[in-house]
Amino acid sequence: MSTENEGTAVPPAPSAPPVPVDAPAASAPQERTAPQGGAPTTPIPPVPQGAPAPAHPGAAHGDPRTQAYGSSAPDASWPPPPPGTPAYAYPAPAGAGDGGGGTDVWGAPYAQQQPAPKSGRGRGGLAVGILIAALVAGGLGGGVGYTLAKNNDDGGGSTTVSASTSGGAVKRDPGTIAGVAAKSLPSTVTIEAESSSGEGGTGTGFVFDTQGHIVTNNHVVADAVGGGKLSATFPDGKKYDAEVVGHAQGYDVAVIKLKNAPSDLKPLTLGDSDKVAVGDSTIAIGAPFGLSNTVTTGIISAKNRPVASSDGSGSNASYMSALQTDASINPGNSGGPLLDAQGNVIGINSAIQSTGSGGLGGSSQSGSIGLGFAIPINQAKYVAQQLIKTGKPVYAKIGASVSLEDSSGGAKITEQGASGSDAVEAGGPAADAGLKPGDVITKLDDRVIDSGPTLIGEIWTHKPGDKVTITYERGGKTHTVQLTLASRDGDG
């Protein structure tokens with residue numbers, strides 16, 4: 001950012017009383033003329049013999065994603081069409097997408113003209129005397145400083161102060177960032193995923209249990225699904241082959257398992273993302289741009305941030321009601337833990353907003369601008385447990401198709417569902433609650449719904465069987481109904 005000094009005029013040359021006749025005679029100093037006819041100024045007095053010359057007085061200075069969707073009307077539960085660009089903090093394979101000024105120095109040189117001499121001692125003589133003293137003192141100070149430095153060099157003494165203990169011996173309390181990092185790093189891994197064609201990238205994961213399960217993002221391991229290669233490397237350099245246990249495209253959560261897992265695995269402690277407050281401290285661990293075991297810090301910037309993103313394949317869309325953080329998150333951080341100040345996992349780092357594409361994610365690998373998004377751990381924990389248990393995700397649904405167009409008025413139930421199906425599923429929760437095509441859902445419980453993607457993200461924070469309150473508008477009137485969420489297994 002360039003800093004400009006505007007609207008400040010250059011100060012005029014200062015005026016000084018003329019030098020009296022009986023001032024010490026000296027060789028005429030170099031004369032300078034004041035700019036714009038400025039008043040004559042006191043000449044620079046000569047430097048007394050033997051005094052070091054003064055140094056030249058230099059002047060050096062030293063949103064969530066609000067992508068406009070098409071007018072298609074997929075089912076609110078599945079499968080929603082993917083956004084157009086990826087939003088993942090995950091490096092794509094080579095050749096693919098995603099995956100000063102200083103202060104102005106003002107020089108106002110002005111020349112000094114020799115004034116006509118006048119009789120009598122006045123303030124001018126005193127000014128010259130003070131100036132000469134200042135010059136001599138300046139020279140003396142420089143000489144003294146040089147002498148002290150020379151004596152220190154010659155005598156072998158030192159003015160530095162050494163710490164009583166080295167950095168490795170310092171005790172770091174558990175609540176400090178260093179303490180949290182020391183405890184959590186051994187339980188994080190750098191994941192390398194490679195497809196059968198050799199394409200892939202790097203992401204992050206963390207130890208979920210002592211059986212060798214690692215939780216990460218779906219888009220981190222997607223390349224390895226169906227015959228690819230997968231490995232996980234711990235900070236101590238130990239590397240293990242791994243396999244995908246289950247993955248959920250909609251949630252963007254995946255679980256992998258280490259082959260020949262060590263017996264001393266220490267799972268990270270899971271926190272409660274529902275109790276996180278804006279302003280809470282955050283610590284992110286990951287492998288940004290392949291730099292494994294990187295720790296960054298920040299705060300919770302916002303909660304319940306609706307984010308819609310894609311892994312760029314054209315079919316894998318995910319929706320989340322995310323935790324927003326300003327902790328630095330870059331491609332490669334995906335799947336890594338977002339920790340609170342005590343080291344508890346409160347989210348899985350998944351997406352970033354980038355200026356490279358003007359929106360969330362994008363085709364270029366731009367760096368962090370302080371807008372990162374994490375899947376709340378309460379949701380991710382439920383998904384991971386389902387994946388470990390059955391290998392398939394379970395999604396909550398209301399049984400109605402909503403428009404995915406970007407809007408602020410709510411989630412509108414479309415006239416027709418995906419592939420020509422009914423917009424309101426017969427016998428589904430929405431139908432049982434009396435919802436009809438054309439209704440606009442504006443709230444789910446106490447969450448304001450401004451679009452279809454926001455509604456999907458909020459529904460997926462719940463489990464099948466949960467009861468929710470839907471507020472909707474029909475014919476200019478507001479209505480409220482309660483319904484019980486149904487379920488759908490798999491990404492289908």
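In E18, which residue is the bridge partner of Ile 441? The answer is Tyr 472, and the strands around this pair are a good place to start. This is a predicted model, with local features needing pLDDT of at least 70 and side-chain atom pairs counting only at pLDDT 80 or more, while totals for chains, interfaces and linings use all residues. Residues are numbered from 1 along each chain as its sequence is written, and side-chain values use heavy atoms, leaving out hydrogens and water.

Helices (H or I, at least four residues) and strands (E, at least two) are DSSP runs, numbered from the N terminus. Two strands count as paired if DSSP finds at least two bridges between them. Here is how E16 pairs up:

| Strand paired with E16 | Sense | Bridges |
|---|---|---|
| E15 (residues 411-412) | antiparallel | two |
| E17 (residues 447-448) | antiparallel | two |
| E18 (residues 467-474) | antiparallel | four |

On the E15 side, Lys 412 has Val 440 of E16 as its bridge partner. Towards E17, Lys 443 is matched with Val 448. E16 and E17 make a hairpin with two residues between them, and Asp 445 in that turn has a positive phi of about 55°.

Buried means under 20% relative accessible area (1.4 Å probe, protein chains only). Four of the five residues of E16 (residues 440-444) are buried, so the strand is largely enclosed by the rest of the structure.

Now for helix H4. The buried residues of H4 include Ile 377, Tyr 382, Val 383 and Leu 387. After H4 comes Gly 391, with a positive phi near 80°.

Conventions: Buried means under 20% relative accessible area, exposed over 50%, partly exposed in between (1.4 Å probe, protein chains only).
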